[in-house]
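Work through the exercises below with the sequence and the model open. Try each task before reading its solution.

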Amino acid sequence: GFLACLFLAPVPFIAGPPFSAAAVGLIFGITLYGLAALAVLLVLESLTILQRRQSTWALATFVGSAAAMIVPAHIVIALLALVGVLSVWTISTLPSLVGTHRIRLVSPVWRRTVMASGLALLATVAWGLLTGHRVGDSGLSSSVPPFSTSWRDSVAIIFLGAGAFLAIAFAWPQARRKSPIQARMYVGTAALLVVGTAAWGARFGDFNMFHVFFGAIAVFATPVAAVAAWSIWLRLRSAQHVGLALAVLVLCGLQIEIGIGLGMVRLASFATGRYPPVPQAILAAIRDLPPDAKLAYACRRTEELTFWDPGLISLYAHTGRRVVPMCFQAEWIGAMTGTPISPDIPNPLFERAPQRALYPDSNTQPSPKRVASFLTDNGIDYVYADDLHPNTLVPDAILIARSGDATLFGIR
């Protein structure tokens, strides 16, 4: 189960758009969903054994706290979980409501758990609002249509290569008769996968919406598929179908092995190597700056994904001093969606950037005086430069340190 959660993933055996190969196991997904993935696993485990435990408020509080933990860890994963829970509740309650016009009573352990979860979730959301947190998006691209060919091809390739994930559908009929909790888990997972797929397609031009699809696969479908595959193996073994049981294990093992390669390649694609290493002398000089110091650098218009997550963020990681990209930031999501892009179309996220005042379009080159004034007004007193990012911002800045191609300047 541990290996399955880390490495089980659809196999993209057909070449397609970049998103068609983006579904990998939690070896990479944990970098995106972090604590939310662990909280979901904990809640799923709790739900499977809850009915067998004595109803106590301590137990209900524990499970409710685990559920509430998903919200601040990753709001999209929390919304997907809500879709799954509501789907299961609707399917379980609707027949009783239609037949008897009453909502079926639930056991005390479930009532207490629902109450504790509701209170914990309410407190979590209230605290988030009181502390100024909010939910945002990455902006809707004007060049990427909803439900585009790229979306359809990506979804089709992922589902065609689902492999072990199809065990969810095959395990459901048997679980429905012998393990209702497990069957509901399968139903909830299927529901949130369907909703996530549709929501991603509807807002395909909003890059962050990929989480509703790939988060559903990595965090929910992967562990549930492992449970389903294992239950099928147990059923085949008990029915003396040894050959089929071994075939299931071998096929799942092969998919996990392929997933190991896919996950490692995905991790490597986000590793170091995009920029040349920064000399230790320059890093030391930056660390010697005041703790609240910020550095600007002249970026290229197709280089930045978001103005708050700059390309040179490794400088911040190594020195604790923030870096600010200064350039017009062009649309880039088309590179992922297969849509033709133009370097003259602004990134939707750039609409919120303070730098937009200096770079309203790709052709504007503000004067060094305007740039220096902007930097000073925003508490940015230093400029970092190297071969890829020459100091075109404030040419008369004061040299502080130089090592190889990297240079640190101070603004007068």
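**Exercise 1: A helix and a surface patch**

Leu 79 is found in helix α4, which spans residues 75–100. Helices are DSSP runs of H or I with at least four residues, strands are runs of E with at least two, and both are numbered from the N terminus. The model is predicted: local features need pLDDT of at least 70, side-chain atom pairs count only at pLDDT 80 or more, and totals for chains, interfaces and linings use all residues. Residues are numbered from 1 along each chain as its sequence is written, and side-chain values use heavy atoms, with hydrogens and water left out.

Task: Is Leu 79 buried, partly exposed or exposed? Which residues form a nonpolar patch on the surface with Leu 79?

Solution:
- Step 1. Take the classes. Buried means under 20% relative accessible area, exposed means over 50%, and partly exposed lies in between (1.4 Å probe, protein chains only).
- Step 2. Place the residue. Leu 79 has 49% relative accessibility, so it counts as partly exposed.
- Step 3. Apply the patch rule. Patch residues have over 30% relative accessible area and no salt bridge; nonpolar side chains (Val, Leu, Ile, Met, Phe, Trp, Tyr) are joined within 5 Å, like charges within 9 Å.
- Step 4. Name the members. Leu 79 shares the patch with Ile 75, Leu 82, Leu 86 and Val 135. Together the five give about 450 Å² of accessible area. Areas come from the Shrake-Rupley method with a 1.4 Å probe; for residues, only the protein chains shown count as cover.

**Exercise 2: Salt bridges**

Task: How many salt bridges does the structure hold? For the Asp 206 pair, which partner is buried and which is partly exposed?

Solution:
- Step 1. Set the cut-off. A salt bridge puts a side-chain nitrogen of Lys or Arg within 4 Å of a carboxyl oxygen of Asp or Glu.
- Step 2. Take the total. The structure holds four.
- Step 3. Go to Asp 206. Its side chain meets that of Arg 203 at 3.4 Å, N to O. Asp 206 is buried at 2% relative accessible area. Arg 203 is partly exposed at 30%.
- Step 4. Go to Arg 300. This residue bridges to Glu 303, with the closest N and O atoms 3.4 Å apart. Arg 300 is partly exposed at 38%, whereas Glu 303 is buried at 5%.
- Step 5. Go to Glu 351. Here the partner is Arg 356, and the closest N and O atoms are 3.1 Å apart. Arg 356 has 19% relative accessibility, so it counts as buried.

**Exercise 3: Contacts across the sequence**

Task: What do Leu 42 and Phe 170 touch, leaving out residues up to four places away in sequence?

Solution:
- Step 1. Define contact: heavy atoms within 4.5 Å.
- Step 2. Locate Leu 42. It lies in helix α2, residues 26–49, and is partly exposed at 34%.
- Step 3. List its partners. Leu 42 touches Phe 62 and Ala 66. Val 63 is 21 residues from Leu 42 in sequence and 8.3 Å away in space, C-alpha to C-alpha.
- Step 4. Locate Phe 170. It sits in helix α7, residues 167–178, and is exposed at 60%.
- Step 5. List its partners. Phe 170 is in contact with Ile 232 and Arg 235. Ala 229 is 59 residues from Phe 170 in sequence, with 8.8 Å between the C-alpha atoms.

**Exercise 4: Positive phi in loops**

Task: Where are Phe 147 and Gln 240 found? What is phi for each?

Solution:
- Step 1. Phe 147 is in the loop between α5 (108–130) and α6 (149–160). Its phi is near 50°, a positive value in a residue other than glycine. Phe 147 is partly exposed at 37%.
- Step 2. Gln 240 is in the loop between α9 (211–238) and α10 (242–269). Its phi is about 65°, positive although the residue is not a glycine. Gln 240 is exposed at 63%.

**Exercise 5: The whole protein**

Task: How many helices and strands are there? What percentage of residues is buried?

Solution:
- Step 1. The protein has 14 helices and five strands.
- Step 2. Of its 412 residues, 46% are buried.
- Step 3. Among contacts with a separation of 6 or more, 73% join residues 24 or more positions apart.
- Step 4. The protein exposes about 21400 Å², with carbon and sulfur atoms supplying 67%.
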